[in-house]
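Got your viewer open? Let's take a walk through this one together, stop by stop.

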Amino acid sequence: MKAIVVYESHWGNTAAVARAIAEGMGPEARVLSTAEATGEAIAGADLIVAGAPLLGFSLPTESMLKGLASNTGGNPTPDLSHPSMRSWLEALPKGAGRAAGFETRIWWSPGSAAKTILDKLGAAGYQPAAKAQRFVVQGKYGPLRDGELERAKAWGAELARAMK
Ligand SMILES: Cc1cc2nc3c(=O)[nH]c(=O)nc-3n(C[C@H](O)[C@H](O)[C@H](O)COP(=O)(O)O)c2cc1C
């Protein structure tokens, strides 16, 4: 099985969850940022697991990311070295594999990035293998709540079993 876990992450929380999911899936899974997950890298994928933070109640928009880039008010510096998941999904070539989506977020917020990810993966031909998943951070910038990485690893293992 060719499985790709692809992420957008500005303070490392979603990247850490992505790595834990891949660890749970096993050695066949590759973890790639949206910059690394080129059309060539994901060609023929049987499963794409895509994750992003929930920012401003939504899958991050370009205007939200522009705002982060110009915000130097003493906040933790965002990593803006890779494209948004939104633009990655827009450029995604058609495929025929399965899809899973996740987000990192604070616990009480309305909105879902993961559902938008699943919808857009579906439009590209990747049919859902699981329900959208949420992983929770403690503060606005993280860190992840205790136990979330273990939960991510277990979800990865569950996804790998569902693909057999
Ligand atoms: C500017 C900003 C806006 C945010 N908006 C939301 C939000 O609307 N809902 C939510 O649940 N969490 C929100 N968060 C929390 C992020 O989703 C959380 O920190 C996430 O884990 C960041 O992921 P990353 O470290 O992979 O970039 C926000 C955080 C920041 C810095």
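How far does a polar side-chain atom of Thr 14 lie from an oxygen atom of the ligand? Keep in mind that you're looking at a predicted model, then select Thr 14 and the ligand together. The gap comes out at 2.5 Å.

**Stop 1: the ligand**

Stay with the ligand and add Asn 13 to your selection. An N or O atom in the side chain of Asn 13 is 2.7 Å from a ligand oxygen. Now click on Ile 106: here a polar atom of the backbone is 3.0 Å from an oxygen atom of the ligand. On its own, the ligand has 640 Å² of accessible area, and the protein covers 93% of that.

Try showing the pocket surface next. The ligand sits in the largest pocket. Which elements give two or more residues to the shell around the ligand? Colour helix H1 (13-25) and strand E4, because those are the ones. There are 20 residues around the ligand, and the ones that come nearest are Ser 9, His 10, Thr 14, Leu 54 and Lys 140.

**Stop 2: Glu 103**

Now highlight strand E4, residues 98-105, and pick out Glu 103 within it. Is Glu 103 buried or exposed? Its relative accessibility is just 1%, so Glu 103 counts as buried. Show the side chains here and look for Arg 105: a polar contact of 2.7 Å joins the side chains of Glu 103 and Arg 105.

Next, look at what surrounds Glu 103. Leaving out residues up to four places away in sequence, Glu 103 touches Ala 52, Leu 54, Gly 111, Ser 112, Ala 113, Ala 114, Gln 133, Arg 134 and Phe 135. You've already met Leu 54, one of the residues that come nearest to the ligand.

**Stop 3: along helix H6**

Jump to helix H6 (148-162) and select Glu 148, which belongs to this helix. With 8% relative accessibility, Glu 148 counts as buried. Its side chain makes a polar contact of 2.9 Å with the side chain of Arg 151. Beyond residues up to four places away in sequence, Glu 148 touches Arg 134, Phe 135 and Val 136. Two of those names should ring a bell: Arg 134 and Phe 135 also touch Glu 103.

Still in helix H6, move on to Leu 159. Leu 159 is buried too, since its relative accessible area is 2%. If you set aside neighbours within four places in sequence, Leu 159 is in contact with Ile 21, Val 49, Ala 100 and Ala 130. Try drawing a line from the C-alpha of Leu 159 to the C-alpha of Val 49. These two are 110 residues apart in sequence, yet 9.3 Å apart in space.

**Stop 4: two oddities in loops**

Two things are worth knowing before you click: most residues other than glycine have a negative phi, and most peptide bonds are trans.

Where is Pro 143? Look in the loop between strand E6 (133-136) and helix H6. Zoom in on the peptide bond from Gly 142 to Pro 143: this bond is cis, with omega near 0°.

For the last click, go to the loop between strand E3 (47-53) and helix H3 (62-70), and select Phe 57. Phi of Phe 57 is near 65°, a positive value in a residue that isn't glycine. Is Phe 57 buried or exposed? Phe 57 has 52% relative accessibility, so Phe 57 counts as exposed.

Note on methods: Residues numbered from 1 in each chain as written. Predicted model: local features only at pLDDT ≥ 70, side-chain atom pairs only at ≥ 80, totals over all residues. Heavy atoms only, no water. Helix = DSSP H or I, 4+ residues; strand = E, 2+ residues; numbered from the N terminus. Buried < 20%, exposed > 50% of the residue type's maximum accessible area, 1.4 Å probe, protein only. Polar contact = N/O pair within 3.5 Å; in protein donor to acceptor, adjacent residues only side chain to side chain. Contact = heavy atoms within 4.5 Å. Near = heavy atom within 4 Å. Areas by Shrake-Rupley, 256 points an atom, 1.4 Å probe, with all protein chains shown as cover. 1 Å grid on protein atoms, 1.4 Å probe; cavity = no way out; pocket = protein on both sides within 12 Å on 5 of 7 lines; lining within 4 Å. Sits in = over half its atoms within 2 Å of the grid points.
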